[in-house]
Amino acid sequence: MARIEFWFGNFTQSLKQFQSVTKNLSTDFTNDALELSSLISTTKRDSLNLYKYAQADLYSIQNKFKDAANEFKTLADNPNLFILNEFANYKYAQMLIANNDLPTAIKILETLSENTKSTIFADKSLFLLAQSYRFGIKDVQKAVYNYEKLLEKFPNSLYFDRARDSLKVLQTNNG
């Protein structure tokens, strides 16, 4: 319900719904709910751009990846949007992956993962970058490098265990 309210631009109602959902931190969608609620909280004053982001998010759920990519790119290309810009850049990279444009997605993910000014998506970007090399490009060396980098730079990351497990599988399979 919170996400539907978000898509309709009812940000205050959406935020209330997300806050009730995030009380139980053990559910699978809690992290997504926390992410979207923090986005709404910090950017709701710019409701026009937040609404554009919500529409792009809806397109992505509807598997309209090219439409979503266009909307996210518009927001990602605007450096004045600060936090919304980072969210849009990450989602834009995801849409590029869905559209099989891995080289462009990888450039964006590298930039996000190396951003020293803001690390909102640094670990998440680094994990998706490693996954892109592993499963998309099939470059095991670069996948291993990025998994190791994540483990080194972000020991408290939500992606730490998954990166470590992926690294073990790659090292076992490739000697």
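In which helix is S37 found? S37 belongs to helix α3, residues 30-43; helices are DSSP runs of H or I with at least four residues, numbered from the N terminus.

The model is predicted, so local features need pLDDT of at least 70 and side-chain atom pairs count only at pLDDT 80 or more, while totals for chains, interfaces and linings use all residues. Residues are numbered from 1 along each chain as its sequence is written, and side-chain values use heavy atoms, with hydrogens and water left out.

S37 counts as buried because its relative accessibility is 11%; buried means under 20% relative accessible area, exposed over 50%, and partly exposed in between, with a 1.4 Å probe and protein chains only. Apart from its neighbours within four places in sequence, S37 is in contact (heavy atoms within 4.5 Å) with L15 and F18.

Helix α3 is also among the elements that give two or more residues to the lining of the largest pocket, together with α4 (47-61), α6 (83-98) and α8 (122-137).

**Loop residues with positive phi**

Most residues other than glycine have a negative phi. Two asparagines with a positive value are listed below.

| Residue | Phi | Loop | Relative accessible area |
|---|---|---|---|
| N63 | near 65 degrees | between α4 and α5 (65-76) | 55%, exposed |
| N100 | about 65 degrees | between α6 and α7 (102-114) | 62%, exposed |

At the start of the chain, M1 lies in the segment before α1 (2-7). M1 is exposed, with a relative accessible area of 63%.
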